[in-house]
Amino acid sequence: MPPKLATSTAATTTGTATAQAAPPPYAVKLDHVSKAFGAPGAQQLVLDDIQLQAAPGEFLCLLGASGCGKSTLLNLVAGLDQPTAGTASVPFGRPALMFQDHALFPWLSAGRNVELALRLAGVPRARRRTQARELLDLVRLPDAYGKRVHQLSGGMRQRVALARALAQGSEVLLMDEPFAALDAITRDLLHEELTRVWFERKLTVLFVTHNVREAVRLGQRVVLLSSRPGRVAHEWEVDLPYPRRIEDNGVTTLAREITGHLHQEIVRHARH
Amino acid sequence: MPATDTVPADGGGPPEPPGDASTEMTSGLDALESQPPGRDASRRALAKATPPLLAVAAVLVLWQLAFWLGWSAELPAPGAVAGALGDSLADGTLLPALGQSVLRCLIGFGASAAIGVPLGVLLTRVTVLRTVLGPILSAVQSLPAAALVPVAVIGLGPSEGAVYAVVLLGAVPSIAVGVAAGISQVPPLLLRAGRSMGATGPRGAVHVLLPAALPGLVSALRQGWTFGWRALMTAELITATPLPGIGRMLAEGTAAESMSRVLAAVTLILAVGVLVESALFTPLERRVLHSRGLTGR
């Protein structure tokens, strides 16, 4: 755990619903968020004045090279960590989080993993099994209920992890390079699954990746973060119709443009 | 470039539901990438039981050979030892002694687990406790039980209490240290995943931390049992008080200078140790590891 900072200013995370008035126009909002780690005096700024907002139902991809603070940013949104300055607001309740490693509990079957998430989300026992099966059906793993995690392939594990994340009943899904460790064929299929689930469930997705094509293939908007400290460097609307394919011309063209900017960001850090 | 906080409109139409081709691709890939679980329980149980039985047979054969060849004047035949066991069974001393010792070990082990497990959890949670108590527990762990018996006897008097004190001092440190090690080996990612799902505090401990640490917990208890059993035998043997038990049988055999009776007691001590190990802890450990995919087969 990083030590708490003495200089911490207004560091609050709005948890659950605010008022009964009109629903907020955003599902995630980072308002001048900065995050520094380290002892006072020797602090290292990881995120610098991030201003970012995701509309309800939006698929937003965060792109950046190493050291852009992507994971830190997701931790702040997930409420696992507090910003040094600024506020992170998630008005629709605690977001669900998915990792590069599936992080499924190996002592539980696939179905039980999903049921535990349902249980922690307060779903009554009687409804858990049915809901878990429905969620596994949704990620197209109808036969996986009784399977142990180690009996599933990498792609299947990530789908169970997706089902478990959905079981938390959150409208916001945070994904931390969830497909980075998968092979290209599996990843491509999971892109399709995720797009489908996002649309069916009307989720707000914050998807962190360092794969430009992946970002363009999935997101309605791509935000490029600079590195050390992480700042919002650039952003693109991805005006391409779904369903998209990774080899679409539109995806390729935009990915090339974004890659150019990404390279500039990286080159800034080269030693001369 | 500007950091916008404008909310963009829909970045494209809604996705069409994927076609059958992708469904079939998905299920085809799933089939290719998962191995069918193949196992034959009864055959494996037999394969597991054979080597230990062979080992026992080999020891008996060698022993009998050594007796026939007269390698040692003191060595009784396996039959004589069996006879000594039979005698004590017949005169009604064997079963009570066995029962007393096992009961004592169960009580001692239960108490040790009740103290050692929470202590181990506390060691991972409280830094002060870890830095102060950690080295002490490790040090006590390396102490032979025989060194503790006189301390306990003088401190508590030659009583049942002294015997339990020795068992506790043997088992508690080993359980606590093992539990702490098991907990600190839990992958942080699992804890983070649990926290993000709302499993914090006691709920986190029950649903994530303890099940994740279970393999370490079981092996800590197993080691605790072994240490406790050894410590108990030492205590029963050395305490001057006539406490009924296998250790006492050993002491009486020594006093009577009967190698058969001594070896009969040794055999019993060994048998109890091996039996509890192979009937309780080994299957438990295997189950825990197997369910997590941590064993080879």
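**Exercise 1. Locate Arg94(A) in the fold, and find the residues that join it in a patch of positive charge.**

Arg94(A) lies in the chain A loop that runs between β5 (85-89) and β6 (96-98). Strands here are DSSP runs of E with at least two residues, helices are runs of H or I with at least four residues, and both are numbered from the N terminus.

Before going on, a word on the model: it is predicted, so local features need pLDDT of at least 70 and side-chain atom pairs count only at pLDDT 80 or more, while totals for chains, interfaces and linings use all residues. Residues are numbered from 1 along each chain as its sequence is written, chains are lettered from A and ligands numbered from 1 in the order in which they are written, and side-chain values use heavy atoms, with hydrogens and water left out.

Next, check the accessibility. Arg94(A) has a relative accessible area of 44%, so it is partly exposed. The cut-offs are under 20% for buried, over 50% for exposed and partly exposed in between, with a 1.4 Å probe and protein chains only.

Now the neighbours: on the surface, Arg94(A) gathers with Arg119(A), Arg125(A) and Arg203(B) in a patch of positive charge. A patch takes residues with over 30% relative accessible area and no salt bridge, and joins like charges within 9 Å. Lys and Arg count as positive, and the place of an Arg charge is taken as CZ.

**Exercise 2. Trace the partners of Glu192(A).**

Start with the pair. Glu192(A) makes a salt bridge to Arg245(A), with 3.5 Å between the closest N and O atoms. Glu192(A) sits in helix α5 (residues 184-201), and Arg245(A) in the loop between β10 (232-237) and α7 (249-267), so the pair links distant parts of chain A, 53 residues apart. The salt-bridge rule asks for a side-chain nitrogen of Lys or Arg within 4 Å of a carboxyl oxygen of Asp or Glu.

Then compare the two ends. Glu192(A) counts as buried at 16% relative accessibility, whereas Arg245(A) is partly exposed at 34%.

Finally, widen the view: Asp188(A), Arg217(A) and Glu247(A) are linked with Glu192(A) and Arg245(A) in a network of salt bridges. Over all chains, the whole structure has 21 salt bridges.

**Exercise 3. Describe chain B, then work through two of its salt bridges.**

Begin with the make-up: chain B has 11 helices and zero strands. Of its 297 residues, 37% are buried.

Take Glu285(B) and Arg222(B), which form a salt bridge with their closest N and O atoms 2.0 Å apart. This pair ties helix α11 (residues 259-291), home of Glu285(B), to helix α9 (residues 201-238), home of Arg222(B), across 63 residues. Glu285(B) is buried at 18% relative accessibility, and Arg222(B) is buried with a value of 18% too.

Now take Glu252(B) and Arg261(B), whose side chains meet in a salt bridge at 3.9 Å, N to O. Here Glu252(B) is partly exposed at 32%, and Arg261(B) is partly exposed at 37%.

**Exercise 4. Is Gly111(A) buried or exposed, and what does it touch?**

Gly111(A) belongs to helix α2 (residues 110-120) of chain A. Its relative accessibility is 0%, so Gly111(A) counts as buried.

Leaving out residues up to four places away in sequence, Gly111(A) touches Ala132(A), Leu136(A), Ala144(A) and Tyr145(A), a contact being heavy atoms within 4.5 Å. Gly111(A) and Leu136(A) are 25 residues apart in sequence, with 7.6 Å from C-alpha to C-alpha.

Conventions
Patch = residues over 30% accessible without salt bridge, like charges linked within 9 Å, V, L, I, M, F, W, Y side chains within 5 Å. Areas by Shrake-Rupley, 256 points an atom, 1.4 Å probe, with all protein chains shown as cover.
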